[in-house]
Amino acid sequence: HSCIAYLKTDNSFEMSGTKNGETEPDRKQTRYKYSPAHQDVAVCCNPNAGRISPYFVQNSWMKENKTTLVATLLMPNILKTTMNGSNIQIENITEYPFKNNLKFKITQSKPSKFTIKIRKPDWVKKVKTKEKFKIENDFIVIERDFSTNDIVHVSFDVEVQIKTDNNGSHYFIHGALLYAIPINANEIAG
């Protein structure tokens, strides 16, 4: 099953201290070992890995000032906050990155005027919404009076892009998705 370990290889078959169970004569280190209590190895990777999701989610929304909420990550999520004495909840209903449609369902204790800024990825060819908006520093800025129950729809037009990697191989991008075929490789000890 899945686990986090110090200096772990991808797709490990064994987590007993050697690299995938290989014989290591005169071994002086205890890397490649699952050690949640850190009896043998460093005390940074495992606890930090347990905080990856909270760190990621906590930054999906930010307050820029007293009247601006910023959607920095376009994932499904729910923000609950207070602004100008009003309790505000914004639910981002989306299948992003598989579909490029965002539905921000806004519920608040009283109508209020505020600004929503939504990050616009570089690959967006056109922003589609019925909202009056402007683009500032790659953010879609919508400033208006929001009712107690309101909805903001935003979608992105994208095109398939053909990219070339450093080895001259091609891959495809559609929005946030990258399509590539795995390549055969041999590990060379170094």
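Which residue in β4 stands opposite Ile78? Glu91 in β4 stands opposite Ile78. The legends below describe close-up views of a predicted model.

**Figure 1. Overview of the predicted model.** The protein has 2 helices and 13 strands. Of its 190 residues, 32% are buried. The accessible surface comes to about 13000 Å², and carbon and sulfur atoms account for 51% of this surface. Among the contacts in the protein with a separation of 6 or more, 42% are between residues 24 or more positions apart.

**Figure 2. An open sheet of 5 strands.** The strands follow the order β3-β4-β5-β10-β7, and their pairing is antiparallel. At the edges are β3 (77-83) and β7 (126-128), each of which pairs on one side only. On average, neighbouring strands of this sheet are turned by 20° against each other, direction ignored. As a general point, the strands of a sheet pair through backbone hydrogen bonds, either parallel or antiparallel.

**Figure 3. Strand β3 and its hairpin with β4.** The two strands pair in the antiparallel sense over 7 bridges. One of the facing pairs is Ile78 with Glu91 in β4. The hairpin has 2 residues between the strands, and Asn84 takes a positive phi near 50° there. In a regular strand, side chains alternate between the two faces of the sheet. Strand β3 shows this alternation: Asn77, Leu79, Thr81 and Met83 point to one face and are buried. Ile78, Lys80 and Thr82 point to the other face and are not buried.

**Figure 4. A cis peptide bond in the loop between β4 and β5.** Tyr96 and Pro97 are joined by a cis peptide bond, with omega at about 10°. Pro97 lies in the loop that runs between β4 (86-94) and β5.

**Figure 5. Strands β5 and β10, with a view of Ser155.** Strand β5 covers residues 101-108 and strand β10 covers residues 149-157; they pair in the antiparallel sense over 7 bridges. Within this pairing, Ile106 has Asp150 in β10 as its bridge partner. Ser155 also has its place in strand β10. Is Ser155 buried or exposed? Ser155 counts as buried because its relative accessible area is 13%, under the 20% limit for buried residues. Leaving out residues up to four places away in sequence, Ser155 touches Asn100, Asn101, Lys126, Val127 and Lys128. Of the strands in this view, β5 and β10 are next to each other in the sheet order, and β7 follows β10.

**Figure 6. Strand β9 between two partners.** Strand β6 (residues 112-119) and strand β9 (residues 139-146) run antiparallel and are joined by 8 bridges. In this pair, the bridge partner of Ile116 is Ile142 in β9. Strand β9 also pairs with strand β8 (residues 134-136), again in the antiparallel sense, over 3 bridges. Here Lys134 has Val141 in β9 as its bridge partner.

**Figure 7. The turn of the β8 and β9 hairpin.** Strands β8 and β9 form a hairpin with 2 residues between them. Asn137 is found in the loop between these strands, and so is Asp138. Phi of Asn137 is near 50°, a positive value in a residue other than glycine. Asp138 likewise has a positive phi, near 65°, and is a residue other than glycine. How accessible is Asn137, and what does Asn137 count as? Asn137 counts as exposed because its relative accessibility is 74%, and the exposed class begins over 50%. Asp138 has a relative accessible area of 39%, so Asp138 is partly exposed.

**Figure 8. A nonpolar patch on the surface.** Which residues make the nonpolar surface patch of about 420 Å²? Val160, Ile162, Phe172 and Tyr179 make this patch. Val160 lies in strand β11, which spans residues 160-164. With a relative accessible area of 55%, Val160 is exposed.

Note on methods. Residues numbered from 1 in each chain as written. Predicted model: local features only at pLDDT ≥ 70, side-chain atom pairs only at ≥ 80, totals over all residues. Heavy atoms only, no water. Patch = residues over 30% accessible without salt bridge, like charges linked within 9 Å, V, L, I, M, F, W, Y side chains within 5 Å. Areas by Shrake-Rupley, 256 points an atom, 1.4 Å probe, with all protein chains shown as cover. Salt bridge = Lys/Arg side-chain N within 4 Å of Asp/Glu carboxyl O. Helix = DSSP H or I, 4+ residues; strand = E, 2+ residues; numbered from the N terminus. Buried < 20%, exposed > 50% of the residue type's maximum accessible area, 1.4 Å probe, protein only. Pairing = 2+ DSSP bridges. Axes fitted to C-alpha atoms, helices over the stretch in contact; angles between N-to-C directions. Contact = heavy atoms within 4.5 Å.
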